[in-house]
Amino acid sequence: MKTEKEKMIDGEYYLAGDSILVKDRRRAKNLLHRLNITEYRLTKKAREILKELIPNADTNLYIEPPFHCDYGYNIYCGENVYFNVNCVVLDCAKVTIGSNVFFAPGVQLYTATHPLDAELRKTLENALPITIGDDCWIGGNSIICPGITIGNGCVIGAGSVVTKNIPDNSLAVGNPAKVIRKLNQ
């Protein structure tokens with residue numbers, strides 16, 4: 001029988017109030033408090049906090065506080081990933097971020113989702129993974145919805161809400177985001 005944490009990571013319905021998940025979120029919140037309040041500047045100590053919070057990040061992860069996430073351990077980053085201020089990553093499912101990816105201020109990545117059925121929604125939730133390829137730029141205040149894949153070399157315009165997958169080398173803008181042209185061709 002799967003644990004609630006295993007169900008969460010696998011995209012199945014799970015109980016968010018499970019004691020292990022509550023403990024994991026509390027741990028993340030404590031680390032975020034240290035990062036966002038105590039250290040605020042990217043110091044040696046802040047880098048140590050980031051390594052503990054997001055252990056699956058490659059080299060040169062740079063985060064401008066404040067930053068928020070649910071767990072941290074479900075965020076996987078390639079090299080040279082930059083989060084500007086006020087970014088949110090609801091990482092109930094795996095969030096895979098390629099190398100050389102830049103997030104402008106206020107970007108939000110949501111893996112968390114909820115059942116449409118009101119009765120189920122009272123007790124259960126689920127999450128779907130997000131994947132962002134290499135060499136992407138996500139514009140300010142954009143929202144990436146659960147289950148989305150953004151290909152390599154993409155630019156997402158500021159304020160976009162990405163509700164469908166975006167193919168490689170695309171410029172996508174709007175709410176909902178639509179590909180308006182191919183890039184690098």
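User: What is the order of the strands in the open sheet of 5 strands?

Analyst: Keep in mind that this is a predicted model. The open sheet here has 5 strands, and their pairing is parallel. Reading across the sheet, the order is β3-β6-β9-β14-β17.

User: Which strands are the edge strands?

Analyst: Look for strands that pair on one side only. That fits a strand at either end of the order β3-β6-β9-β14-β17. So by DSSP bridges, with at least two needed for a pair, the edge strands are β3 and β17 (161–162).

User: How many bridges pair β3 with β6, and what is the bridge partner of phenylalanine 67?

Analyst: β3 covers residues 67–69 and β6 covers residues 87–90. The two pair in the parallel sense, over 3 bridges. Phenylalanine 67 has its bridge partner in β6, and that partner is cysteine 87.

User: Moving on to β9, which residue there is the bridge partner of valine 88?

Analyst: β9 spans residues 108–110 and runs parallel to β6, with 3 bridges joining them. The partner of valine 88 in β9 is glutamine 108.

User: And which residue in β14 does leucine 109 stand opposite?

Analyst: β14 is made of residues 143–144. It runs parallel to β9, and 2 bridges join the two strands. Opposite leucine 109, in β14, you'll find isoleucine 144.

User: How far apart are the end C-alpha atoms of residues 5–59?

Analyst: An unreviewed UniProt entry annotates this stretch as "domain: Maltose/galactoside acetyltransferase". Over residues 5–59 the chain is 65% helix and 4% strand. The C-alpha atoms at its ends are apart by 27 Å.

Technical notes
Residues are numbered from 1 along each chain as its sequence is written. This is a predicted model: local features need pLDDT of at least 70, side-chain atom pairs count only at pLDDT 80 or more; totals for chains, interfaces and linings use all residues. Side-chain values use heavy atoms; hydrogens and water are left out. UniProt positions are given in the numbering used here, feature names are shortened, and annotations may be inferred rather than shown by experiment.
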